[in-house]
Amino acid sequence: MVDLNELVDSDRGRVDPRIYTDPGVYERELEFVFGRSWLFLAHDSQLPKTGSFIQTYMAEDPVLVVRQRDGSVKAFLNQCRHRGMRICRADAGVSKTFTCTYHGWAYDLEGNLINVPLEDRAYKGNLDREAWGALKVPRIANYRGFYFGTWSDETPDFEDYLGDMAFYFDAVADRFDSGLEFTAGTTKWVIDCNWKFAAEQFGGDMYHTSISHASGPIALTDQQVVRGDPNLVQGRQFGGDGHGSGGYIYPERNMPPNFFRGQQEHEFTEDHLDEIEARIGDTRMKKVNNHNTIFPNFSWLGFLWTMRVWHPRGPNQIEVWTWSFVPKDATEALKREIREKAQRTFSPAGVFETDDGENWTEVQQVLHGFKARQNTFHVGMGLGHEERNAGGLPGVTNDVFSEVASRGFYRRWHDLLVGKSWKQIQKEEAARVSAIPESQPELAEGAR
Amino acid sequence: MTTVDQPTPVLSAFRNTDLQTQHTVEQFLYAEAELLDDYRFDEWIDLFTDDVTYWIPNRETRPIRERHLEVAAQDEAAIILDDKFFLKGRVRRITSGISWSEEPPSRARRLITNIRVQPAAKPGELDVRSNFYVYRSRLERHQDWFVGQRFDVLRPADPASGYPFQIANRKIVLEQTTILAPSLTTFL
Ligand code: FES
Ligand SMILES: [Fe+2]
């Protein structure tokens, strides 16, 4: 039996590979990690009218997320209370009610049980419909049009849960006056790997990009790809409350068009410079736009306009669900440019994304070996070089080539897994953060 | 040159094509599959016109009354929506030797069947539907199946090219909504 306490040592930057393979650990993380975290459910734009619904998952649990008559969004477990049939089997649509196709129990948009076939004859007045509605997701947070849900009443409120990550999330979620919308449709595929490889990497790994994705740029330009010296590139990585955000620092608020950045996007940004700066400020325009994970499994790439959830499917498999997102008031031409760029780079056929899946499946394959699982993995990059509030970036940051976010991710995962209370977890986090030295002025200078 | 008979003016799925056209289209699609199966990507890319759109739309599960929404429109999610420039880019990448999801390369075999031909909107061009069953084996024991339908527009080509047609449009509709593969780096 795995000793849960020994699995992660974030102080030293070590993880035990059995966190990626052990069925017992997996079973426990469904309940203690996913069950006690805020999980991404949907974006406003996916639910345009009353009765609009999507079927998604909170870890392995299928949920229906539904636009209510009063405009709010609610969610409930997509499981009939009679014998457990999946109530709704379409991925998305618009409906007035949801009728189970096993014996016909029908639920309203909130998940209340509203109709039972042959009720008088079969139940003889003995069925309390109010008690037998679908299991509701008790807490739903609407953060700037992004809906998150949690089963737990112990988990702190969403903004508290985000902590300093709100600053980094807002760089995307709060960038434009018009807000954001998702491209219609969810692109889904399956990778045979543990969900933590994906979630952790999107939160904290800029280190792999020039190696793993060496061939990515080749697909996007027919010109010679000139690579800057990675020793000279400026960048920071944030890690806090299990979340991570990192990337390079740009010299200008707007970048010239290049193979990553289309003409339309450049022009739109130019036209909206003042608007964006008024909303998120100069620091974030230049320093925050790359890789991100909100713990545990919601990730995005700012400058590539892709968002995704890594749904766990057992310890050895994930389903990736992705969307591209655009400014709501973008021209059709810009929406197209963004959508195509996101699809081309990060999708099951993405010229970057496919390299990530290749790594994770190989890692997972190797972990079939017992020696491989007795090994120890190194998550110690930049350990001890954390700073607080460096260069206008709130919270704990480190060099872009560090693993401050990964260490934080595994720490939060482990704290939840072993069953620490949220109160204790937050108290310890606060103590750890305040023990980290405030930024040195030279660093702030260098990071400018 | 090409005669394609439509037996009835009603919406019939039956398409009767003269033998020569049917034969030429089939041999062309088999030749295309051979180039891909044999890793001759640089020759394969020349089979596409410069104005080609190569598109794999997203697909989702919908009830019958919303089945028209099952396959995504072009302003919705797609797995691939490329023009010639980016399709070429994929070939450049896959043949680069540093494209780790295809280096070492996968082995793939394409079965192209149910080839149906009818005249396209533009005179001289053909609308060709075909079904495909593509098997991919990767590294030690990984395997994927990609099954679906292609909607091609074929345009007569310069005979000096060695091929009777170029592909002026390709839409690929996969049968899976969740792609049960870690990557779609195999050309369909
Ligand atoms: S399982 Fe749903 S009505 Fe019986
Ligand atoms: Fe990557």
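Guide: Two strands are said to pair if DSSP finds at least two bridges between them. Helices (H or I, at least four residues) and strands (E, at least two) are DSSP runs, counted from the N terminus. This is a predicted model, in which local features need pLDDT of at least 70, side-chain atom pairs count only at pLDDT 80 or more, and totals for chains, interfaces and linings use all residues. Residues are numbered from 1 along each chain as its sequence is written, chains are lettered from A and ligands numbered from 1 in the order in which they are written, and side-chain values use heavy atoms, with hydrogens and water left out.

Visitor: Thanks! So how many bridges hold strand 6 and strand 7 of chain B together?

Guide: Strand 6 (residues 126–138) and strand 7 (residues 142–156) of chain B share 13 bridges and run antiparallel. One pair to look at is B:Tyr135, which stands opposite B:Trp145 in strand 7.

Visitor: And what does B:Leu139 do in that hairpin?

Guide: B:Leu139 takes a positive phi near 55° there, in a hairpin with 3 residues between the strands.

Visitor: Which strand does strand 7 of chain B join over 9 bridges?

Guide: That would be strand 8 (residues 165–174) of chain B, again antiparallel. In this pairing B:Asp152 has B:Arg170 of strand 8 as its bridge partner.

Visitor: Switching topic: how many residues does each chain bring to the A–B contact?

Guide: Counting contact as heavy atoms within 4.5 Å, chain A brings 42 residues and chain B brings 38 residues. The buried area is about 3300 Å², and carbon and sulfur atoms give 50% of that. Buried area here is the accessible area (1.4 Å probe) that two parts lose on being put together, summed over both.

Visitor: Which three residues of chain A supply more of its buried area than any other three?

Guide: A:Gln343, A:Arg344 and A:Glu358, with 16% of the area that chain A buries against chain B.

Visitor: What is the salt bridge count between the two chains?

Guide: There are 3 salt bridges between chain A and chain B, each being a side-chain nitrogen of Lys or Arg within 4 Å of a carboxyl oxygen of Asp or Glu. A:Glu358 turns up again here: A:Glu358 forms a salt bridge with B:Arg138, with the closest N and O atoms 2.7 Å apart. The interface also has 25 residue pairs in polar contact (both at pLDDT 80 or more). A polar contact is a pair of N or O atoms within 3.5 Å; within protein, one must be able to donate a hydrogen and the other to accept it, and residues adjacent in sequence count only if both atoms are side-chain atoms.

Visitor: Which elements of chain A supply at least two residues to that side?

Guide: Among them are strand 14 (187–191), helix 10 (332–345) and helix 11 (353–366). By class, the side of chain A that touches chain B has 15 nonpolar, 15 polar and 12 charged residues. In that scheme Ala, Val, Leu, Ile, Met, Phe, Trp, Tyr, Cys and Pro are nonpolar, Asp, Glu, Lys and Arg are charged, and the others, Gly among them, are polar.

Visitor: Is the pairing of strand 14 of chain A with strand 9 of chain B parallel or antiparallel?

Guide: Parallel, with 2 bridges to strand 9 (residues 178–179) of chain B. A:Trp189 stands opposite B:Ile179 in that strand.

Visitor: Now chain A alone. Into which domains is chain A divided?

Guide: Domain 1 covers 4–34 + 156–443 and domain 2 covers 39–142; the bounds come from an automatic or database domain assignment. Their centres, taken over C-alpha atoms, are 32 Å apart. Domain 1 gives 21 residues to the contact and domain 2 gives 13 residues.

Visitor: How much area is buried between these domains?

Guide: About 1400 Å², of which carbon and sulfur atoms give 63%. On the domain 1 side, A:Phe182, A:Arg313 and A:Trp321 lose the most area to domain 2, together 31% of what that side buries. The domain interface has 2 salt bridges. A:Asp91 forms a salt bridge with A:Lys188, with closest N and O atoms 3.8 Å apart.

Visitor: Last one: where is A:Pro296 found?

Guide: A:Pro296 lies in the loop between strand 17 (291–294) and strand 18 (298–301) of chain A. A cis peptide bond, omega about 0°, joins A:Phe295 to A:Pro296. In chain B, the bond from B:Glu103 to B:Pro104 is cis, with omega near 0°.
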